[in-house]
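User: I am new to reading structures, and I would like to know how the labels are earned. Please set each value against its cut-off.

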Amino acid sequence: MPFQAPPVVREFVEDPAYCTGYFGPFGCAKTTAAAMKAYFYGQRFPGARIAVIRDTWPNLRDTTQKTFFNWFPDGIAGRYERTTKTFWLYTSDPSRPTEILFRAMRDQADIENVLSLDLAAAWIDEPQ
């Protein structure tokens with residue numbers, strides 16, 4: 001699927017810095033930009049583990065995942081495991097898909113779970 005990003009989104013997606021951020025008003029493609037950044041990171045580093053974090057599971061499911069799966073459909077771009085909330089993103093190396101972990105950070109147990117993960121990258125959607 002072609003990705004025609006405005007210049008500021010493209011700069012964020014292509015930024016190789018260790019820590020980057022993209023903030024803006026409603027409708028400026030923040031979630032799409034982060035999804036693309038995760039995708040390109042996973043293609044560059046097959047087998048990487050990336051956490052996608054949002055405040056609550058309903059918000060993660062209803063907004064972040066909806067956008068992510070619009071760009072990277074289950075069964076086409078990868079394989080989603082609902083029980084573990086993990087998307088195995090296909091890469092150029094079929095033996096090393098990128099692991100996308102969808103996680104909420106609602107309470108202390110959620111926070112401890114995320115902090116204990118061994119990750120290559122993380123994306124926090126709508127940090128408050």
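Analyst: A start can be made with helix α2, where the buried residues are K30, T31, T32, A33, A34, A35, M36, K37, A38 and G42. The model is a predicted one.

User: What is the length of helix α2, and how does its reach fit the expected value?

Analyst: Helix α2 covers residues 30–44, which is 15 residues. From its first C-alpha to its last it reaches 21 Å, close to the 21 Å expected at 1.5 Å a residue.

User: Why is R44 called exposed?

Analyst: R44 is found in helix α2. The relative accessible area of R44 is 60%, and exposed means over 50%, so R44 is exposed. R44 and T98 are 54 residues apart in sequence, yet 9.8 Å apart in space from C-alpha to C-alpha.

User: What makes R49 and E99 a salt bridge?

Analyst: The closest N and O atoms of R49 and E99 are 3.0 Å apart. The cut-off is a side-chain nitrogen of Lys or Arg within 4 Å of a carboxyl oxygen of Asp or Glu, so the pair of R49 and E99 counts as a salt bridge. R49 lies in strand β1 (residues 49–54) and E99 in strand β4, so the pair ties together parts that are 50 residues apart in sequence.

User: Which of these labels fits R49, and which fits E99: buried or partly exposed?

Analyst: Buried means under 20% relative accessible area, exposed over 50%, and partly exposed in between. R49 has 27%, so R49 is partly exposed. E99 has 14%, so E99 is buried.

User: How do you know that D125 and R54 form a salt bridge?

Analyst: Their side chains meet at 3.8 Å, N to O, and the limit is within 4 Å, so the pair of D125 and R54 qualifies. D125 lies in the segment after β5 (121–124) and R54 in strand β1, so the pair ties together parts that are 71 residues apart in sequence. D125 has 3% relative accessibility and counts as buried; R54, with 12%, counts as buried too. R54, D55 and D125 are linked in a network of salt bridges.

User: How many salt bridges does the structure hold, and where do R61 and D62 come in?

Analyst: The structure holds five salt bridges. In one of them, the side chains of R61 and D62 meet at 2.8 Å, N to O. With a relative accessible area of 38%, R61 falls between 20% and 50%, so R61 is partly exposed. D62, at 44%, also falls in that range, so D62 counts as partly exposed.

User: Why does R103 have no salt bridge?

Analyst: The nearest side chain of opposite charge to R103 is E99, which is 6.3 Å away. A salt bridge needs atoms within 4 Å, so R103 has none, although R103 is buried. The place of R103 is in strand β4 (residues 98–104). Leaving out residues up to four places away in sequence, R103 touches V52, I53, R54, L60, T84, K85, T86, N113, V114 and L117.

User: What makes β2 and β3 a pair?

Analyst: Two strands pair if there are at least two bridges between them. Four bridges join β2 to strand β3 (residues 86–89), so the two strands pair, and they run antiparallel. The bridge partner of Y80 in β3 is F87.

User: Which side chains of strand β2 are buried?

Analyst: Along strand β2 (residues 78–81) the side chains alternate. G78 and Y80 point to one face and are buried, while R79 and E81 point to the other and are not.

User: What makes K85 worth a remark?

Analyst: Phi of K85 is near 55°, a positive value in a residue other than glycine. Most residues other than glycine have a negative phi. K85 is in the turn of the hairpin that β2 and β3 form, with four residues between the strands. At 27% relative accessibility, K85 counts as partly exposed.

User: What does the whole chain look like in numbers?

Analyst: The protein chain has four helices and five strands, in the order α-α-β-α-β-β-β-α-β from the N terminus on. Buried residues make up 38% of its 128 residues. The chain exposes about 7,800 Å², and carbon and sulfur atoms supply 55% of that area.

Definitions and conventions
Residues numbered from 1 in each chain as written. Predicted model: local features only at pLDDT ≥ 70, side-chain atom pairs only at ≥ 80, totals over all residues. Heavy atoms only, no water. Expected span 1.5 Å × (residues − 1). Buried < 20%, exposed > 50% of the residue type's maximum accessible area, 1.4 Å probe, protein only. Lys, Arg positive; Asp, Glu negative; His and termini not counted. Contact = heavy atoms within 4.5 Å. Areas by Shrake-Rupley, 256 points an atom, 1.4 Å probe, with all protein chains shown as cover.
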